[in-house]
Amino acid sequence: MKAYVRAPYSEDCLQELRQMFDEVVYEPWTATGERYYEDEMLENLRRVQPDVLITELDRVTEKVLSGYDGLRVIGDCRGTPANLDVEACTRHGVPILCTPGRNTQAVAEMVVGLILTVMRKTIPATQWVKDGKWVTGTTPYYLWMGNELQGKKVGFVGFGAISHAVAKILDGFDCQISFYDPFLPGDQGHYHKASLEDVFSQSDIVTLHLPVTDSTRGMITEPLLRSMKPTALFVNAARSAIVDYDALERVLRDEAIAGAIIDVLDTEPPEEKDLALLKCPNVLLTPHICGATYEVTDHQSRILNDRLRKWLAGEDLEHTVYNRGVLKA
């Protein structure tokens, strides 16, 4: 079998792939910085003629699968295959293997780092120095006083792997952790399950970590945002569709909450309307980079290789294949 690798992959895991398959063609999107959309994907599949596609950003659609029927499996280096037409893959009998948890630690570390950055006013303080405003007579110690994270109440919306990783870091700050997650039956150790309303109204920091589904789309509404403490901080490093961003913009402009950290926007790259959030008081906007570390490449490579071995051996496929409907065919 031939594997076509379009995702960045660690060298040791590439060597493992070469042992698993007869031929490996390594053309990661990072070499050019460009993902393949359906026409380019189809063109290159026809050129390479692989049995196995390992991708991360490339689009695989009905048109691609109808135009090239040689794929036996797709490995997608993402937690969920947002770049793939899952229903089309299932119809064509192509199992999808994903890499859940690949960026768990990366997101967790970044979220805590961004919270500290905002709470300690690091960015405006350093800009103040760069602008030459630290002059005789100024007192930066008092001008740029922030808040400590120690002992703060942090509420999570969604309490999966990333939330647990964030909470583990926050344990070192003796934070009081509560969470809303309808899929968990109760408290998780010393982490307290609460209603969505209580998470928003009682927390000093509210952070989102959940996928977009029919039930979560638009679930963070203006009433919820306005129920937050005026000193509270709102964090979204999950998905933009979960939040009514127009409502968030109004809440921030009214200075009804202390600020927001946003890593995801409705349109990426942003349009003018998306950047309106950036003009609100005390907003830190990052370009969807919370999960961007070099180590993520190592994690996704190891996870996917393990799943490919299981697929080749026909082992534990119910827990290995994302589109389990393909197993019933």
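This is a walk through a predicted model, from the whole chain to one helix and one pocket.

Start with the overall build. The chain has 329 residues, and 46% of them are buried. It holds 13 helices and 12 strands. Along the principal axes, its C-alpha atoms fill a box of roughly 70 × 50 × 35 Å. The exposed area is about 16500 Å², with carbon and sulfur atoms supplying 51% of it. Now take the contacts between residues at least 6 apart in sequence. Of these, 59% join residues at least 24 apart.

Next, look at helix α2, residues 38-48. Its buried residues are Met41, Leu42, Asn44, Leu45 and Val48. An α-helix has 3.6 residues a turn, so residues three or four places apart point the same way. With that in mind, follow Met41, Leu42, Asn44, Leu45 and Val48 along α2. What do the buried residues of α2 pack against? Their partners are three strands, β1 (2-5), β2 (23-26) and β3 (52-55), along with the helix α3 (62-67). Just after α2 comes Gln49, which takes a positive phi of about 60°.

Now turn to empty space. Rolling a probe the size of a water molecule over the atoms shows where it is left. The second largest pocket contains about 460 Å³. It is lined by 20 residues, and those closest to its centre are Val118, Met119, Leu233, Ala258 and Asn282. Three elements give two or more residues to this lining: α5 (104-119), α6 (122-130) and β12 (283-285). Which of the elements gives the most? That is α5, with 3 residues. By class, the lining of this pocket has 13 nonpolar, 4 polar and 3 charged residues.

Methods: Residues are numbered from 1 along each chain as its sequence is written. This is a predicted model: local features need pLDDT of at least 70, side-chain atom pairs count only at pLDDT 80 or more; totals for chains, interfaces and linings use all residues. Side-chain values use heavy atoms; hydrogens and water are left out. On a 1 Å grid over the protein atoms alone, a cavity is a set of points where a 1.4 Å probe fits but cannot get out, and a pocket is an open set with protein on both sides within 12 Å along at least five of seven lines; lining residues have an atom within 4 Å of a point. Grid points are joined across faces, edges and corners, and a volume is the space filled by probe spheres set on the points. Helices (H or I, at least four residues) and strands (E, at least two) are DSSP runs, numbered from the N terminus. Ala, Val, Leu, Ile, Met, Phe, Trp, Tyr, Cys and Pro count as nonpolar, Asp, Glu, Lys and Arg as charged, and the others, Gly among them, as polar. Buried means under 20% relative accessible area, exposed over 50%, partly exposed in between (1.4 Å probe, protein chains only). Contact means heavy atoms within 4.5 Å. Accessible areas come from the Shrake-Rupley method with a 1.4 Å probe; for residues, only the protein chains shown count as cover.
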